[in-house]
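The following report describes one protein chain, moving from its overall surface and fold to its core and then to its backbone details.

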Amino acid sequence: DVLPNPSNTYFSLVIRSNNENPVWVRVTNIVGQIVEGYEKIASNTTLQFGHKLSTGTYFVEIIQKEQRRMMKIIKVN
C-alpha cells in the first residue's frame, strides 16, 4: 500500500511480505526516468519517500526476487 495517494508531502509504502528476501523500490516519472531508488529494504517495514518530488504522476516499482508490482502515485501542491 502507498498512502496517502495523492499526496502533497510524502508517501509511505507499507511493505508486507512473508518472504525474507530484500525489496527494491524504483520511482520513475511519467517518461520512465528513475527519480528515486531504494535497495535491500527489509520485509514488513514502512518506507517514506517522495519528499523532493515535483507535482506530477509517478510510478513505483516494487521488486522482491521474481515478484514485481507497479503502482501509480500522484504528487500535488
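How much area does the protein expose, and what share of it do carbon and sulfur atoms supply? The protein exposes about 5,100 Å², of which carbon and sulfur atoms supply 49%, with accessible areas taken from the Shrake-Rupley method with a 1.4 Å probe, where for residues only the protein chains shown count as cover.

This is a predicted model, in which local features need pLDDT of at least 70 and side-chain atom pairs count only at pLDDT 80 or more, while totals for chains, interfaces and linings use all residues. Residues are numbered from 1 along each chain as its sequence is written, and side-chain values use heavy atoms, with hydrogens and water left out.

**Fold and dimensions**

The secondary structure comprises zero helices and seven strands, where helices (H or I, at least four residues) and strands (E, at least two) are DSSP runs numbered from the N terminus. The C-alpha trace spans about 35 × 20 × 15 Å along its principal axes. Because a compact globule of 77 residues would have a radius of gyration near 11 Å, the 12 Å of the protein agrees with that expectation; the radius is taken over C-alpha atoms, and the globule rule is 2.2 Å times the number of residues to the power 0.38.

**Core**

Buried residues (under 20% relative accessible area, with exposed meaning over 50% and partly exposed in between, for a 1.4 Å probe and protein chains only) make up 35% of the 77 residues. The largest nonpolar core, a set of buried Ala, Val, Leu, Ile, Met, Phe, Trp, Tyr and Cys residues joined through side-chain atoms within 4.5 Å, has 16 residues, and those with the most contacts inside it are Val2, Leu13, Val25, Phe49, Val60 and Ile73. Strands β2 (11–15), β3 (23–29), β5 (45–49), β6 (56–64) and β7 (67–75) each supply at least two residues of this core.

Val25, found in strand β3, counts as buried because its relative accessibility is 1%. Not counting residues up to four places away in sequence, Val25 touches (heavy atoms within 4.5 Å) several residues, including Leu13, Leu47 and Val60. Phe49, under that sequence exclusion of up to four places, touches residues including Val2, Leu13, Val60 and Ile73.

**Backbone details**

Two cis peptide bonds can be set side by side.

| Cis peptide bond | Omega |
|---|---|
| Leu3 to Pro4 | about -20° |
| Asn5 to Pro6 | near 10° |

Pro4 is found in the loop between β1 (2–3) and β2, and Pro6 lies in the loop between β1 and β2. Lys40, in strand β4 (residues 34–41), has a positive phi near 55° and counts as exposed at 61% relative accessibility.
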